[in-house]
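Visitor: I'd like to go through this one by asking how each label is earned. Could you show it to me?

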Amino acid sequence: MSRFFQSRYMIFLIVGVVNTFFGFFVLFLLSFTHLDTWLILLLSQLFGLVFNFFTTGHYVFRTTSWKFLSKFILVSIFIYFVYLLSINLFIPYVENRTIAILILVTPISLLNYFIFSRYVFINVK
């Protein structure tokens, strides 16, 4: 493996951790409100969308070109629905929305990594 790939991969992981903590922090705070799950997830996704596009694009792929934004948004919408469905499936088993979110944050983050690296920021040098 080249140094460049290893370096980009490591930066992606670090930025992913920062993005995950940012998104989880917003989601965690909103989970203590009386807002519906769909709304807290939507709000956290919107805040995270802007933050993630610029951090991932800038630090990992060295671009914040608007040409990637539409795919980034489509993937984020897809992830929103996967996350919402997963939370609602987990709540009956853990009996707590916040615990369900905690359990799912890592698998959802891994899914984000895979899709962004394979389908969004492709052909970036």
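Guide: R97 sits in helix α4, residues 97-120. This is a predicted model, where local features need pLDDT of at least 70 and side-chain atom pairs count only at pLDDT 80 or more, while totals for chains, interfaces and linings use all residues. Residues are numbered from 1 along each chain as its sequence is written, and side-chain values use heavy atoms, leaving out hydrogens and water.

Visitor: What makes α4 a helix here?

Guide: Helices are DSSP runs of H or I, at least four residues, numbered from the N terminus; α4 runs over 97-120, so the label applies.

Visitor: Why is R97 said to have no salt bridge?

Guide: A salt bridge needs a side-chain nitrogen of Lys or Arg within 4 Å of a carboxyl oxygen of Asp or Glu. The nearest side chain of opposite charge to R97, D36, is 6.3 Å away, so no salt bridge is counted. R97 is nevertheless buried (under 20% relative accessible area, 1.4 Å probe, protein chains only).

Visitor: What makes the link from R97 to S31 a polar contact?

Guide: The R97 side chain reaches the backbone oxygen of S31 at 3.0 Å. The limit is 3.5 Å between N or O atoms, one able to donate a hydrogen and the other to accept it, so this pair qualifies.

Visitor: Which residues does I87 contact beyond its neighbours within four places in sequence?

Guide: T37, L41, R97, A100, I101 and L104, where contact means heavy atoms within 4.5 Å.

Visitor: Why say α2 bends?

Guide: The bend is the angle between axes fitted to the seven residues ending at a residue and the seven starting there; at G48 in α2 that angle is about 30°, so the helix is called bent there.

Definitions and conventions
Helices (H or I, at least four residues) and strands (E, at least two) are DSSP runs, numbered from the N terminus. Buried means under 20% relative accessible area, exposed over 50%, partly exposed in between (1.4 Å probe, protein chains only). Lys and Arg count as positive and Asp and Glu as negative; His and the chain ends are not counted.
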